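Biologist: Before the structural terms are put to use, I should like each one tied to its value and its cut-off. May we begin with the model itself?

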Amino acid sequence: MSRHDHGHADGTERTFAALPPTRGRGFAVTWWGRAWLRALEDAALDAGQVKTGRRLARAGAVGAVSVRPGRITAVVQDRDGTGHRADVLLEELSAEQWNRFLEMAVERAGHVAALLDREMPPHLVEDAAAAGIELLPGMGDLEPECDCGAWDQCGHTAALCYQTARLLDEDPFVLLLMRGRGEHALLDDLQDRTSRPAEEPVEPEGVDAAEVWAAGGILPPLPDPPGLPEHPGLPPLWTPRHRPPRGSPRPPWSSWRPGPPWRRTGCWPRRCGRRLLRKRN
Ligand SMILES: [Zn+2]
């Protein structure tokens with residue numbers, strides 16, 4: 001399969017050369033390719049047109065396929081040699097959706113690595129869906145346009161979908177391009193986002209001494225320090241492992257300080273309890 005990017009400097013159009021006829025091969029080998037075809041097959045009102053499309057694609061009747069954001073285009077030849085320009089439209093993601101998708105991809109480096117291996121991990125699609133982004137088309141999301149005048153999927157647009165399933169199998173970036181971003185733009189953006197935290201200016205911690213000094217006159221006076229306790233208690237670092245000398249007053253457990261539950265309720269941990277028993281024997 002040969003391909004080249006052209007038309008736009010940022011690679012937002014890719015053209016894939018026509019594929020030779022194929023025999024007895026499924027058009028989608030990958031799960032995402034199959035999901036793409038399901039969106040076509042489940043929504044087509046006329047199953048006969050879908051069948052015609054599959055036959056045309058198999059016969060090599062689909063010319064070079066151009067993939068752009070929101071649209072794929074090809075000239076499909078009827079059996080009598082008449083060429084028809086067929087387009088299939090797929091909604092692009094909004095800028096805000098792309099932003100969310102890329103933020104998600106930055107957090108999960110494995111997703112990007114898989115894409116670069118021309119794999120579309122199911123988790124990527126699930127994570128995107130959780131962020132409210134549908135990457136794969138659903139039923140009825142593939143909108144046909146053909147100069148043969150059909151108002152629903154015709155054999156030509158269906159053939160284009162089948163051919164595109166073969167392209168998707170090879171490279172899931174084709175789907176992302178349809179959704180609005182070329183591979184290079186997408187990877188550049190990811191690169192920017194990955195390196196951004198280091199470039200962000202570090203906010204100085206604390207407060208500006210000059211400001212505090214200037215505000216000194218308008219601030220209320222400091223509160224009085226807390227009063228001394230009635231009894232000299234135990235130091236806060238006291239733990240049951242270092243028992244207080246015999247005869248020391250028990251600490252006021254309930255009002256002492258937060259700690260593990262056994263400490264708050266005054267129960268000895270089992271380990272210390274055993275040690276106490278051993279001592280007694
Ligand atoms: Zn048509």
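**Terms and the values behind them**

Modeller: Arg118 is located in the loop between helix H4 (109-116) and helix H5 (122-130). Helices (H or I, at least four residues) and strands (E, at least two) are DSSP runs, numbered from the N terminus. Residues are numbered from 1 along each chain as its sequence is written. The model is predicted: local features need pLDDT of at least 70 and side-chain atom pairs count only at pLDDT 80 or more, whereas totals for chains, interfaces and linings use all residues.

Biologist: Why does Arg118 count as partly exposed?

Modeller: A residue is buried if 20 or more other C-beta atoms, placed from the backbone, lie within 10 Å of its own, exposed if 12 or fewer, and partly exposed in between. Arg118 has 14 such neighbours and therefore falls in the intermediate class.

Biologist: What is notable about the phi of Arg118?

Modeller: Most residues other than glycine have a negative phi. Arg118 is not a glycine, yet its phi is positive, at about 60 degrees.

Biologist: Why is Gly63 called partly exposed, and what does Gly63 touch?

Modeller: Gly63, found in the loop between H2 and E3, has 19 other C-beta atoms within 10 Å and is therefore partly exposed. Two residues are in contact if their C-beta atoms, placed from the backbone, lie within 7 Å. Leaving aside residues up to four places away in sequence, Gly63 touches Ala18, Ala74, Val75 and Val76. The C-alpha atoms of Gly63 and Gly83 are 9.3 Å apart, with these positions 20 residues apart along the chain.

Biologist: What share of the protein is buried, and how many helices and strands are there?

Modeller: Of the 281 residues, 25% are buried; the protein has eleven helices and six strands. Among contacts with a separation of 6 or more, 66% are between residues 24 or more positions apart.

Biologist: Which residues of H1 are buried, and what covers them?

Modeller: Helix H1 (residues 31-41) has Trp32, Gly33, Ala35, Trp36, Leu37 and Leu40 buried. Their cover includes helix H2 (47-58) and helix H6 (155-170).

Biologist: What makes H1 and H6 roughly antiparallel?

Modeller: Axes are lines fitted to C-alpha atoms, for helices over the stretch in contact, and angles run from 0 to 180 degrees between N-to-C directions. Angles under 35 degrees count as roughly parallel, over 145 as roughly antiparallel, 65 to 115 as roughly perpendicular and the rest as oblique. The axes of H1 and H6 come within 8 Å and cross at roughly 165 degrees; the pair is therefore roughly antiparallel. The contact joins Trp32, Gly33, Trp36, Leu37 and Leu40 of H1 to Ala158, Cys161, Ala165, Leu168 and Asp169 of H6. These residues comprise eight nonpolar, one polar and one charged, where Ala, Val, Leu, Ile, Met, Phe, Trp, Tyr, Cys and Pro count as nonpolar, Asp, Glu, Lys and Arg as charged, and the others, Gly among them, as polar.

Biologist: Why, then, are H2 and H6 called oblique to each other?

Modeller: Their axes come within 7 Å and cross at roughly 55 degrees. H2 and H6 are therefore oblique. In this contact Gln49, Val50, Thr52, Gly53, Arg54, Leu56 and Ala57 of H2 meet Gly155, Ala158, Ala159, Cys161, Tyr162 and Gln163 of H6. By class, the residues are seven nonpolar, five polar and one charged.

Biologist: How do you know that E4 is paired with E3 and with E5?

Modeller: Two strands pair if DSSP finds at least two bridges between them. Strand E3 (residues 65-68) is joined to E4 (71-77) by three bridges, and E4 to strand E5 (residues 83-89) by seven; the strands run antiparallel in the E3 and E4 pair and in the E4 and E5 pair. Val67 is partnered by Ile72 of E4, and Val76 stands opposite His84 in E5. Both pairs are hairpins: two residues separate E3 from E4, with Gly70 in the turn at a positive phi of about 85 degrees, and five separate E4 from E5, with Gly81 in the turn at about 95 degrees.

Biologist: Which residues form the covered face of E4, and which that of E5?

Modeller: In a regular strand the side chains alternate between the two faces of the sheet. In E4, Ile72, Ala74 and Val76 form the covered face, and Arg71, Thr73, Val75 and Gln77 the uncovered one. In E5, His84, Ala86 and Val88 are on the covered face, and Gly83, Arg85, Asp87 and Leu89 on the uncovered one. E5 is also joined to strand E6 (residues 143-146) by four bridges, running antiparallel, with Val88 opposite Pro144.
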